[in-house]
Amino acid sequence: MKQTLYIFLIFLAGQALAGLGVTLIGHVMGAAWYADPCRQGYILLLANLLIIAALRQTHLAAQRSAWAPRSYWGGRRLWIALTAMLLLALSQSLLTDPFDLNDLGTQQMFHLMMRDPVCLLLLCVVGPLTEEIVFRDGILRQLVRWGLSPLWAVVVSSAIFALVHGNPQQAIPAFVLGIALGMLFARTGDLRLCLPAHIFNNTLAIVLMYIPGSDEWTSSWSLVAHIVPGTVLFAVGAYLIYRITYADRK
């Protein structure tokens, strides 16, 4: 259990250092510096790399055992996992949109960061890599070693994953997708499925932001028009996750 706490504290320390760096540099450069979130994205990218390095050096996570054999990439299970993530992501969008959950300005910040290649690397690749190392290869793995069942380890790590997102609009989908990513990790014991699935999910979200009006095209739908297809997409996505994590074992 101590290892789980250490991993989480390293993650929080990295986030705190990023916040401190933004504050200090902003104090030196002036108020205008805060107007460009891309500059803050550079610091957050560095913080993520430091988190990965710290987990590697402390042997708490990010070890070679986390990585898949090359022959696995592009396999059938990976394509099923990506399809499942697509369906789950769409279902969460449909099911949560009618409730107009507060994102505390996160979407606006992402829109501003999209114009910078370094920030795109952070949002689509480095961010997912850090989160998979922290929450799946780190926390989930350590919870199982502590004696928690794989299913409960997936649930607990997903709850923590949801909480650190810090706003209701992201936290609910993060919990659901965290469950799926956790099950993928539990199936393989490494990042061969959960990492590309997470990268795909984030990249899809960014690509949709480039499409004008993509966040408004369902705004005129009724509640039923959101709930019914959202539930169907969720059920199919959940079945695909079940298929590659449990059914394929038989």
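Me: At what angle do helix 2 and helix 5 pack, and how far apart are their axes?

Reply: Two packed helices are described by the angle between their axes and the distance between the axes. Here helix 2 (residues 37–57) and helix 5 (residues 117–146) pack at about 30 degrees, with axes 10 Å apart. That makes helix 2 roughly parallel to helix 5, as angles under 35 degrees count as roughly parallel. Axes are lines fitted to C-alpha atoms over the stretch in contact, and angles run from 0 to 180 degrees between N-to-C directions. Helices are DSSP runs (H or I, at least four residues), numbered from the N terminus.

This is a predicted model, where local features need pLDDT of at least 70 and side-chain atom pairs count only at pLDDT 80 or more, while totals for chains, interfaces and linings use all residues. Residues are numbered from 1 along each chain as its sequence is written, and side-chain values use heavy atoms, leaving out hydrogens and water.

Me: Which residues in helix 2 meet helix 5?

Reply: Contact means heavy atoms within 4.5 Å. Among the helix 2 residues are Cys38, Tyr42 and Leu45, and their partners in helix 5 include Val118, Leu122 and Ile133. By class, this contact of helix 2 with helix 5 has 15 nonpolar, 4 polar and no charged residues. Ala, Val, Leu, Ile, Met, Phe, Trp, Tyr, Cys and Pro count as nonpolar, Asp, Glu, Lys and Arg as charged, and the others, Gly among them, as polar.

Me: At what angle do helix 5 and helix 7 pack?

Reply: Helix 5 and helix 7 (residues 168–188) pack at about 60 degrees, with axes 11 Å apart. They are therefore oblique to each other. Glu132 and Arg136 are among the helix 5 residues here, and Phe185 is one of those in helix 7. The residues of this contact of helix 5 with helix 7 divide into 3 nonpolar, 2 polar and 4 charged.

Definitions and conventions: Parallel < 35°, antiparallel > 145°, perpendicular 65-115°, else oblique.
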